[in-house]
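Okay, thanks for coming, everyone. I'll put the structure up, and then I want to talk about one cavity and some helix packing.

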Amino acid sequence: SLATHLKENGPLTLAATLEILGAVSAGLKAAHRANVVHRDLKPENIFLSRDDDGTVVVKLLDFGLARSVLDTDGVRITSTGAVLGTPTYMAPEQVYGEKEISFAVDVWALGAIFFECVTGRVLFAAQNAGQAFKKISVEPLPSFDDVGLPAELVTVLRRMLSRPVADRPTDDEVLEVFQKCASRIAA
């Protein structure tokens, strides 16, 4: 899993992060187009394997909490007060147990995973779920400034981790920025 890789090897290079999370972003885009919200995106659910030719293959797994959305806006009506997901990667609306959960929860989680991949630290370190919920709700977001990321990437990552759902980018916007940055690094 990506979690095991990070634990054993530390932070990833920007190129590796963009390659892996670009593939995850494409997978989420496909799931969202099929009206499915993952709701528990985390490094443990991202598996890395290799094809026979050595190419890295990224697999997005464990759709156990995934749910089909009810309308084209990507909003699912859930049980009021239901808190589902892994605290470290939960979006604020999940933390609050909001009734309407959208694709934006997966965008938040992907931003949190990106932060972890490039820094080696979780977005909001906490000793228990309650502390994690509090930090996600009110603590200022950690800075990406000391990581040396392209400005365009920092902008989209900050939007991905925006507390207001409406401020988060679409799957297309995320994937486009990830691909642009990856192609610049490869050039």
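**A cavity and three helix pairs**

So, let's start inside. Helix α4, residues 104-119, gives the largest share of the lining of the second largest cavity, namely three residues. Before I go on, keep in mind that this is a predicted model.

How many cavities of 30 Å³ or more are there? The count comes to three. The second largest one holds about 50 Å³ of space. Eleven residues line that second largest cavity, and the closest to its centre are R39, D40, L41, Y89 and Q94. If you like to think in classes, the lining of the second largest cavity splits into five nonpolar, three polar and three charged residues.

Now, stay with α4 and look at its neighbours. Take helix α2 to begin with, residues 14-33. The axes of α2 and α4 are 10 Å apart, at an angle of about 170 degrees. Angles over 145 count as roughly antiparallel, so that is what α2 is relative to α4. Who touches whom here? On the α2 side you have L14, T17, L18, L21, V24, S25, L28 and H32, and on the α4 side D106, L110, I113, F114, C117 and V118. Sorted by class, the contact of α2 with α4 has ten nonpolar residues, three polar and one charged. As for handedness, α2 and α4 cross right-handed.

Next pair: α4 with α7. Their axes sit 11 Å apart, and the angle is about 25 degrees. That makes α4 roughly parallel to α7. From α4 you get V107, L110 and F114, and they meet D171, V174 and F178 in α7. In class terms, the contact of α4 with α7 has five nonpolar residues, one charged and no polar. The crossing of α4 and α7 is left-handed. And if L110 and F114 sound familiar, they should: both were on the α4 list for the contact with α2, and here they are in the contact with α7.

Last pair, and then I'm done. Helix α6, residues 151-160, packs with α7, residues 171-186, at an angle of about 155 degrees, with the axes 10 Å apart. Parallel or antiparallel? The angle makes α6 roughly antiparallel to α7. The handedness of the α6 and α7 crossing is left-handed. For the contact, α6 brings E152, L153, V156, R159 and M160, and α7 brings E173, V174, V177, F178, K180, C181 and R184. By class, the contact of α6 with α7 has seven nonpolar residues, five charged and no polar. Look at V174 and F178 on the screen: they meet α6 residues here, and they also meet α4 residues in the pair before.

Okay, that's my bit. Over to you.

Notes: Residues are numbered from 1 along each chain as its sequence is written. This is a predicted model: local features need pLDDT of at least 70, side-chain atom pairs count only at pLDDT 80 or more; totals for chains, interfaces and linings use all residues. Side-chain values use heavy atoms; hydrogens and water are left out. On a 1 Å grid over the protein atoms alone, a cavity is a set of points where a 1.4 Å probe fits but cannot get out, and a pocket is an open set with protein on both sides within 12 Å along at least five of seven lines; lining residues have an atom within 4 Å of a point. Grid points are joined across faces, edges and corners, and a volume is the space filled by probe spheres set on the points. Helices (H or I, at least four residues) and strands (E, at least two) are DSSP runs, numbered from the N terminus. Ala, Val, Leu, Ile, Met, Phe, Trp, Tyr, Cys and Pro count as nonpolar, Asp, Glu, Lys and Arg as charged, and the others, Gly among them, as polar. Axes are lines fitted to C-alpha atoms, for helices over the stretch in contact, and angles run from 0 to 180 degrees between N-to-C directions. Angles under 35 degrees count as roughly parallel, over 145 as roughly antiparallel, 65 to 115 as roughly perpendicular and the rest as oblique. A crossing is left-handed if the near helix is turned anticlockwise from the far one by less than a right angle, and right-handed if clockwise. Contact means heavy atoms within 4.5 Å.
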